[in-house]
Amino acid sequence: SATMEEFPLDTWPPVIDSVIVTQDPDQTLKYKKFPKRPMLSGTCQDEGSHIALAFAGFNNISLFYNTDKIEDMAMFRDLTVNHRLLKNQTLPCMKDGGEALVQMYAKDSTSELKVEFTRLIGDWLLSCPQFLTASKLADRGFPVHQYIFDFSIAQYHTKRMKAGLA
């Protein structure tokens with residue numbers, strides 16, 4: 001077990017009674033190293049936007065303004081599967097170094113790479129681990145409650161600007 005202070009950049013891993021679950025959900029469930037509690041978890045539709053901005057900024061790339069763009073597939077790869085902050089437990093399981101993941105999100109050169117980048121980051125770091133953990137707990141009889149907020153940070157900022165709050 002670990003505390004949040006020990007893993008400040010590992011996004012938001014599962015936490016049970018203030019203890020971070022750092023192992024694979026299968027291993028955690030196999031060895032029953034957690035109290036049996038109902039699980040409430042969820043995501044937002046636009047989950048990856050803030051983290052994506054931070055990841056880009058870490059590489060000295062601005063994606064904050066509407067005119068900022070991810071110029072090409074090389075930049076897309078550098079910000080996703082080649083990013084030094086993403087060398088966590090999920091990457092080694094991809095035998096192709098993440099190429100299939102890149103192709104799934106950035107289907108062709110006409111894709112809006114900035115939007116696909118935020119979707120990939122949100123899914124990879126937040127939504128997928130949450131859904132995986134929730135599914136595995138539900139499969140073993142734990143009460144699991146999930147939610148998805150239909151929230152868009154872009155819509156939020158637009159509404160604030162129109163209201164003169166930005």
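In the predicted model, Y147 is part of strand β4, which covers residues 144-149. The relative accessibility of Y147 is 34%, so this residue counts as partly exposed, since the partly exposed class lies between 20% and 50%. Together with L40 and F149, Y147 makes a nonpolar surface patch of about 340 Å².

Charged side chains were examined next. The count of salt bridges comes to two, where a salt bridge requires a side-chain nitrogen of Lys or Arg within 4 Å of a carboxyl oxygen of Asp or Glu.

One salt bridge is formed by the side chains of R77 and E99, with an N to O distance of 2.8 Å. This pair links distant parts of the chain, as the two residues are 22 residues apart. R77 lies in helix α3 (residues 73-79), and E99 lies in helix α4 (residues 99-105). R77 has a relative accessibility of 21% and therefore counts as partly exposed. E99, at 30% relative accessibility, is also classed as partly exposed.

Another salt bridge joins R119 to E116, and the closest N and O atoms of this pair are 2.4 Å apart. Both residues belong to helix α5 (residues 113-139). R119 and E116 are separated by three residues, or about one turn of the helix. R119 is partly exposed because its relative accessibility is 38%. E116 has a relative accessible area of 12% and is therefore buried, as the buried class is set at under 20%.

Definitions and conventions. Residues numbered from 1 in each chain as written. Predicted model: local features only at pLDDT ≥ 70, side-chain atom pairs only at ≥ 80, totals over all residues. Heavy atoms only, no water. Patch = residues over 30% accessible without salt bridge, like charges linked within 9 Å, V, L, I, M, F, W, Y side chains within 5 Å. Areas by Shrake-Rupley, 256 points an atom, 1.4 Å probe, with all protein chains shown as cover. Helix = DSSP H or I, 4+ residues; strand = E, 2+ residues; numbered from the N terminus. Buried < 20%, exposed > 50% of the residue type's maximum accessible area, 1.4 Å probe, protein only.
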